[in-house]
Amino acid sequence: MAIHLGGSSRQSLAATSSALEAELKGLSADAASTLSNELFAVVTVLGANVALRRAITDPARSAEDKAQLLSSIFGSKLPKSAMAVASKAIALRWSAPSDLLIAMEQVAIQAEASAANSRGQLDQLDDELFILGRTLAANQDLRNALNGNPQAITEKRKLVNEILKGATASTKALVSQIVNGLWGRSIENALSDIAHATAEHRNLVVAHVQSAIDLTADQKSKLASALSKQIGQAVRINVETNSKVVGGVSIRFRDELIDGTVISRMAEASQALAGK
């Protein structure tokens, strides 16, 4: 999955997130983590059954009919709070059946982000996900193992626990959940989807910056401030050093790319000359 929702689905995701926030009020960290697990159980069922996703997002069905379908599948197995969020989601309009799956995973992640926040570990969660992403980028064998056989869930979770031995409980929980359901994504894209959801939980935009040298804390702060003014939203900066970046920086956030590297500018100049 990738977070590219438009039209009614974007609005429906916002409404589902609001429903989640209502259920999270007053919950302890452990209770929020439990709610996350319950919502991931819904994600697992939806991800494994395309026909169900189509039926439960069919605009011709009434909200009551959809609620009965949801109840017939989960019955009393889905506790009240998780059922409330899922019921809100299926009552809304989605541009595509797969958008419901994306949205339910996003709110499941947001619930675990709330647990991490209650424990004072939300920044640590973001840092650990970023470091894991860099580790995966540098290790083909590890990527292959986590992207491989979708039936080898137990083996993948053991590997995740080994890799994340010293990580927070929330990081371990979220990564274990996504290797259980990649739904056609690579593990790298799945990690990006987690980062998107945790950023949405606190109304942040995460910007991935590539630079030839590591930026100082002051440079990161100034860059985050400049981007925040441009976007109109708080920005968190993740910096990756890349020897191929000769000068300047390359910044990616959401679907935007701001490429100010020397190599990029030279390429643009060459293209301009070739076109003359």
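1. With which residue does Arg119 form a salt bridge, and how far apart are the closest N and O atoms? The partner is Glu112, and the closest N and O atoms of the pair are 3.9 Å apart, a value that still meets the criterion because a salt bridge is counted within 4 Å. The two residues differ in their cover: Arg119 is partly exposed, with a relative accessible area of 32%, whereas Glu112 is buried, with a relative accessible area of 1%. The pair also belongs to a wider arrangement, since Asp30, Glu112 and Arg119 are linked in a network of salt bridges.

2. These remarks concern a predicted model. The protein chain has 276 residues, of which 44% count as buried, and its secondary structure consists of 13 helices and four strands. Its accessible surface comes to about 13900 Å², with 50% of that area belonging to carbon and sulfur atoms. Where contacts join residues at least 6 apart in sequence, 67% of them join residues at least 24 apart.

3. Helix α6, residues 97-118, has 22 residues and reaches 33 Å from its first C-alpha to its last, which is close to the 32 Å expected at 1.5 Å a residue. This helix is mostly covered, with 18 of its 22 residues buried. Following α6 comes Gly120, whose phi is positive, near 70 degrees.

4. The search of the whole structure finds seven salt bridges, and one of them joins Arg185 to Glu105, with the closest N and O atoms 2.8 Å apart. Arg185 lies in the loop between α10 and α11 while Glu105 lies in helix α6, so this pair ties together parts that are 80 residues apart in sequence. Both Arg185 and Glu105 are buried.

5. The loop between α10 (169-180) and α11 also holds Trp183, whose phi is near 50 degrees, a positive value in a residue other than glycine. This deserves a look in the model, because most residues other than glycine have a negative phi. Trp183 is partly exposed, with a relative accessible area of 28%.

6. Helix α11, residues 187-201, has 15 residues that should span 21 Å at 1.5 Å a residue, and its end C-alpha atoms are indeed 21 Å apart. Its buried residues are Ile187, Ala190, Leu191, Asp193, Ile194, Ala197, Thr198, Ala199 and His201. As background to such a list, residues three or four places apart in an α-helix point the same way, because there are 3.6 residues a turn.

7. A further salt bridge is formed by Glu188 and Arg143, with the closest N and O atoms 3.3 Å apart. Glu188 lies in helix α11 and Arg143 in helix α8 (residues 140-147), so the pair ties together parts that are 45 residues apart in sequence. Glu188 counts as partly exposed at 29% relative accessibility, whereas Arg143 is buried, with a relative accessible area of 13%.

8. Lys66, found in helix α4 (residues 63-74), is a residue to examine separately: it is buried yet has no salt bridge, and Asp58, the nearest side chain of opposite charge, is 6.8 Å away. That distance is not counted as a salt bridge, because the cut-off is 4 Å. The side chain of Lys66 does, however, reach the backbone oxygen of Ile90 at 3.4 Å. Leaving aside residues up to four places away in sequence, Lys66 touches Ile56, Thr57, Asp58, Arg61, Ile90 and Leu92.

Conventions. Residues numbered from 1 in each chain as written. Heavy atoms only, no water. Helix = DSSP H or I, 4+ residues; strand = E, 2+ residues; numbered from the N terminus. Expected span 1.5 Å × (residues − 1). Buried < 20%, exposed > 50% of the residue type's maximum accessible area, 1.4 Å probe, protein only. Lys, Arg positive; Asp, Glu negative; His and termini not counted. Polar contact = N/O pair within 3.5 Å; in protein donor to acceptor, adjacent residues only side chain to side chain. Contact = heavy atoms within 4.5 Å. Areas by Shrake-Rupley, 256 points an atom, 1.4 Å probe, with all protein chains shown as cover.
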